[in-house]
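Okay, let's get started. I'd like to walk you through one interface, so have the sequence and the model up as we go.

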Amino acid sequence: MPTIGVERDLLFGALGKRYTDEQFDELCFEFGLELDEVTSEKNLIAREQGSDKAEDASETTVYKIEVPANRYDLLCLEGLVRGLLVFKEKIEAPRYRRVEPKAGDPQQLIIKPATGTVRPHAVAAVLRNIKFTKESYNSFIDLQDKLHHNICRKRSLVAIGTHDLDTIQGPFIYDAQPPANIKFRPLGQTKEYSAVELMELYSGDSHLRHYLPIIRDKPVYPIIYDSRGVVLSMPPIINGDHSKITLNTKNVFIECTATDLTKAKIVLDTLVGLFSEYSADKYSIELAEVTRPDGSIVQYPELSYRHEIVAVEQVNKRLGINESAESMARLLTKMCLSSEVIEGGSKLKVEVPPTRADVLHACDIIEDVAIAHGYNNIQKTIPKTNCFSKQFPINKVTDLLRQDIAAAGFTEVLTFALCSRDDVGDKLRKTIEGAHAVHIANPKTAEFQIARTTLLPGILKTISSNRKMPLPLKLFEMSDIVKQDKEKDVGARNHRYFCAVNYNKTPGFEVIHGLLDRTMQLLEIPPGQGQEGYYIRDAQDPTFFPGRCAEVMVSGRPVGRLGVLHPEVLTKFDLNMPCAALEIDLGAVV
Amino acid sequence: MDKKAAGGPRVCRKIDSIEDIVQQCLNRLQTLQLDGITDQQKAEYKKRKLIAEVKINKFYITKGSNFSLSLSKPEADLTADMISSGAWKQKTFKPYNFEARGILPASGHLHPLLKVRSQFRQSFLQMGFTEMPTNNFIESSFWNFDALFQPQQHPARDAHDTFFVSDPQYAHEFPMDYLERVKEIHSHGGHGSQGYKYDWKLEEAKKNILRTHTTAVSARMLYKLAQQEEFTPKKYFSIDRVFRNETLDATHLAEFHQVEGLVADYGLTLGDLMGLINEFFKSSLGIDKIRFKPAYNPYTEPSMEVFSYHEGLKKWVEVGNSGVFRPEMLLPMGLPEDVQVIAWGLSLERPTMIKYGIDNIRELVGPKVNLQTVYDNPICRLEK
């Protein structure tokens, strides 16, 4: 869940009301936010970078608020305040307007065909006569960061560039050129660099190096420049220094380049919608024209308002409440979804603003009715659904059997389903290839290389961690292992295995054999070589000591092994007492 | 002594008479006249080995009620012989020390977490729920994400949150017409939805992963339900292992157990979901004070986080997650339009750790488990 940090005093100032921490927590709970932490900038920096870096940081209180992952409009103070004020019915939801430029032609962004191979889409808009304060400027930068991190998927889908319009001259060209041909002075630098040099330079930058792979190996890099050749930015990496915005910037040119056009539009609408409150003509955004490679011209931002019609009765039915059409309309208006009653009170016309990109279906509107009504005001009822319970057969058997195995004196353990390749290969004196294991592509450590193909290593590791416990250690586990299986749609399947180990001064083959006999008795499998019966016979298995290993046969099929573990296996698992083990495929036996 | 006297050295009397105190004291001690003799003097004489102090104890003995002329030893316990011969009537028995502990019987034990699992399983079965077949840790991205209307560029599908499988890398079988409908609703919308409007790729859906939630199995079951000739209401549950590739810490491991319950029926309401969750937490954990908070899941809307009041910590803590499945998930499967599916879930580890006061999850799950806590673990009464 994304978190934003807002200065408490700024927040309360904008809300026009002071709350105690508890009251604000309550408000967040109602609205669907979570007041995660009450801290200060100093604490935050100290935690992330060390207390020495935090020396000069501010001690003013900062609220860290968790925001739902699909509410891009709540990712900054401006959006949060707007949402809460409308929720509390202190203000009406603003109407965002796309306007023609007051003087002259709209700004133009021309997309060249070469971008098609690397980052085909672009949108743009202008914020006119903006007045930034230090706080709103920081908030503007922060929001871009948050959007980059969330909906833009770390700039891979969309990258935002904001520029001081008065330092550049349109029309702007969005092209893609070989890295060697690109040369400009990037933000924060004093000299010019070629794109190749920049890749080198930023590979050491803790913040920017994560974005380099997005374009590094492409034959051409995206680049935006103005009519005088001044570079605005090289998306998604860095903007040019020339066009950087400052506290004195009055007119902002915003461009978003993307591999996903839908998301670029959402990002642009969100950014300009939220910050248009600082424009002289409040909530108005000046349009820009984007010319596509095929010659078509599109005006942005879209700022589209669309309508959904919902049936009042259906909303009430879905939630189990009984709101009138008028009160339901009011509830939705509180959630920034302005609504009016139509068709004699049976339906609502709900307006979905461009800042509510999270509303995809009527069910999103229904949720907002519920939130405004108050989840905890809804009466709890019991569904009339009448069904009879049923257990999954192998789970039923497992649950019954483990009780009696414990009654037989063995202690149950719960080990990890993921392990290292060595755990089922080398450490058991076998090969990993023979295991037909499922391999993990991105393990964080060697402990998660494969899904286990046997329960034995987990139990042996448990014994190793509990060596100081009194002997004997008699442990068991009845759980799933995983093996490859081409017959299954995913190519692998689980098997329910049962494994038991006796660790003592003497291996106790007879103890483990006795447990096998008891298990078969519990499963009503008689001893004997017949159709239904079980028996054990001599077997060779590298994991076990030669001459002390047997195969378990049930109805003429091998279902497992038991025996005394090979001393090398014991050593590899850091054990020093003899050990006898049993492992059978329970699924094959029941 | 006068060395210069006439006729040789002469010894003269220096004093007229001597008083031998030691001799006097010894005489008195002999007749036990102790007054006037200091401890210091006594100690000195003892040192000089002139006297020795001897203690004599005197006892007055009389016959008690149990007086007997023959010797008898008290018995430790009854024996079979004593019982058959009746000899126990003549014997005395050593008293028991009721302060001492008994001998713990040799026992096996069940694992604490799995005992909690049994209790939850029972709660569901008592409420009429059917157990889903969740014995497949490996799942395709299609069933784990796409079928649940979770978009392909969603953060949860990132390599740093999900375990991807390198071998077998791809799933190779899907219900193809259903897959097409899933593709359509993601990329173009439909069924009243705007959709996500992006390019849905089969390549991405085929990728095998370690399932991140058992909701993938719920999706399979709902799809199967939708293929029935006629819809019948269902109540399903599952409790099984899921895998997350997240940062590990004292309370998070790469694998944990998810508890999930869902009901599919005509006309279910949000109030029904809340009532059901209330009953479930009352029956399984004895919790009766719960609150709901708006939340976000890609596949449910409305979504709610469930909070309960923890008496010990004196605050509301999150105990679970829930929601109504989105139409974009259910309608492409072919479920009737007014069938609603309500669902809720929680982790098994969290209530177990809270109940048994365990701070580090590794002490409960995995090989580093403290076996003594397994041995000492009581019967599982979750409502306590």
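**Where chain A meets chain B**

So, chain A and chain B bury about 8400 Å² between them, and carbon and sulfur atoms supply 56% of that; buried area here is the accessible area, with a 1.4 Å probe, that two parts lose on being put together, summed over both. Quick caveat: this is a predicted model, so local features need pLDDT of at least 70 and side-chain atom pairs count only at pLDDT 80 or more, while totals for chains, interfaces and linings use all residues. Residues are numbered from 1 along each chain as its sequence is written, chains are lettered from A in the order in which they are written, and side-chain values use heavy atoms, with hydrogens and water left out.

Who takes part? Chain A puts in 92 residues and chain B 108 residues, with contact meaning heavy atoms within 4.5 Å.

How many salt bridges are there between chain A and chain B? The count is 5, taking a side-chain nitrogen of Lys or Arg within 4 Å of a carboxyl oxygen of Asp or Glu. One of them pairs A:Asp489 with B:Arg220, closest N and O atoms 3.1 Å apart. On the chain A side, strand E24, residues 473-484, gives the largest share, 8 residues; strands are DSSP runs of at least two residues, numbered from the N terminus.

There's strand pairing across the chains too. Strand E22 of chain A (residues 439-440) runs antiparallel to strand E3 of chain B (residues 165-167), joined by 2 bridges, and DSSP has to find at least two for a pair. Look at A:His439: it stands opposite B:Asp167.

Note on methods: Helix = DSSP H or I, 4+ residues; strand = E, 2+ residues; numbered from the N terminus.
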